[in-house]
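This report introduces a protein structure to a reader who has not met it before. Please look over the sequence and the model before reading on.

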Amino acid sequence: MSKPEQLVLDLPSRAALGREDFFVSPSNALAMQALDRWPEWATGKLALCGPAASGKSHLVQVWATRSGGAVVDGEVLAAQDIAALAETGAVAVEDVHRLALLPEDRRAASEEALFHLHNRLLGAGGTLLVTGEQAPARWDIRLPDLASRLRAAEVASLEAPDDMLLSAVLVKQFADRQLEVSPDLIQYLLSRIDRSFAAAKETVQALDRAGLSKRRAITPRLAGEVLRAQEGAA
C-alpha cells in the first residue's frame, strides 16, 4: 500500500542574512568589495544590480547592519517620511526598477520621493544604495532629473552563479528551511537545474513540498521525480 500524501502547509522559511551567511565566489566578489568600500563611494551612491534571487537583499541587509542605514522597498517609498529617512544618513531603496510597474499616480509619487531622498541624503553628505535587476541606465524612470542622478551612481553587479556559488545557494536554501541534505543531492541538482538563483530557489521549494507531502527524505531519487514532473508540466 502506498503512503497517503500529507497536507502541506506553505509556511515561510527564515532566511539567514548575516555577513557570515553570504558565500563569496568569483561571481559576486566584486559586488561585495564595492559594498565594503562604504562610505567611500565615489559619488556617494551605489547601484547593486543582479537577477532575481541573486542575493541583492542579503547584501543590502549586510550593508545595513554595518552602516546602521535604513532599508525600504521602492514600491512603498512614497508613503515614507522622506525627511526622517534622510536623517539616518544612509538609506537603501530596493527594486527601483519595479517602479515602472506601478500605476501611473503611484509611479510618479515614488519617483518624486526617491528624487527628494537622493537630494536630501547626498546634500547632507549621506549615502544612497539602490538595487535593481539591471543597471540604472536600463531602468524605465520617467522623471528626467532622477534618471540622470541614478545613472551617475557607481554600479556593482552580481553575475550569473558559478558551480561553487550555486552549490552554496542550494545548501543555504535547504538550511533556511531547516533541511539537511547530502552532497550527492547537491551534485545531482547542479547537473540538472537551470543555472540561475531563481531556479535554485524554486527547486528547493518544490523538493520541500514533495518531501512533506510524500513523507519521504529529500534524496536524488525524489529530486528526479520532482524534476521530471516539472518538465512534464512545462
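The following paragraphs cover the model as a whole, then its sheet, and then a pair of helices.

**Overall model**

The structure is a predicted model. Its pLDDT averages 88 over the protein, and 90% of the residues score at least 70. Residues 1-17 depart from that picture: pLDDT stays under 50 throughout this stretch, for which the model has 25 contacts beyond four places in sequence. Along the principal axes, the C-alpha trace spans about 70 × 35 × 30 Å.

The protein contains nine helices and five strands. Read from the N terminus, these elements follow the order α-β-α-β-α-β-α-β-α-β-α-α-α-α.

**The sheet**

Five strands form an open sheet, arranged in the order E2-E3-E4-E1-E5, and their pairing is parallel. The edges are occupied by strand E2 and strand E5, each of which pairs on one side only. On average, neighbouring strands of the sheet are turned by 20° against each other, direction ignored. The residue ranges of the strands are listed below.

| Strand | Residues |
|---|---|
| E1 | residues 45-49 |
| E2 | residues 70-73 |
| E3 | residues 90-94 |
| E4 | residues 127-132 |
| E5 | residues 154-157 |

Strand E1 and strand E5 pair in the parallel sense over four bridges. Within this pairing, Ala47 stands opposite Val155 in E5. Helix H2, made up of residues 56-67, packs on the sheet and touches E1, E2, E3 and E4. The direction of H2 makes about 170° with that of E3.

**Helices H7 and H9**

A packed pair of helices is described by the angle between the axes and the distance between them. How do the axes of helix H7 and helix H9 lie with respect to each other? The axes of H7, residues 183-190, and H9, residues 220-233, come within 9 Å and cross at roughly 25°. Angles under 35 degrees count as roughly parallel, and H7 and H9 are therefore roughly parallel to each other. Their crossing is right-handed.

On the H7 side, the contact is made by Asp184, Leu185, Tyr188 and Leu189. The H9 side contributes Pro220, Ala223, Gly224 and Leu227. By class, this contact of H7 with H9 has six nonpolar residues, one polar residue and one charged residue.

Note on methods: Residues are numbered from 1 along each chain as its sequence is written. This is a predicted model: local features need pLDDT of at least 70, side-chain atom pairs count only at pLDDT 80 or more; totals for chains, interfaces and linings use all residues. Side-chain values use heavy atoms; hydrogens and water are left out. Axes are lines fitted to C-alpha atoms, for helices over the stretch in contact, and angles run from 0 to 180 degrees between N-to-C directions. Helices (H or I, at least four residues) and strands (E, at least two) are DSSP runs, numbered from the N terminus. Angles under 35 degrees count as roughly parallel, over 145 as roughly antiparallel, 65 to 115 as roughly perpendicular and the rest as oblique. A crossing is left-handed if the near helix is turned anticlockwise from the far one by less than a right angle, and right-handed if clockwise. Contact means heavy atoms within 4.5 Å. Ala, Val, Leu, Ile, Met, Phe, Trp, Tyr, Cys and Pro count as nonpolar, Asp, Glu, Lys and Arg as charged, and the others, Gly among them, as polar. pLDDT is the predictor's confidence in each residue, from 0 to 100. Two strands pair if DSSP finds at least two bridges between them.
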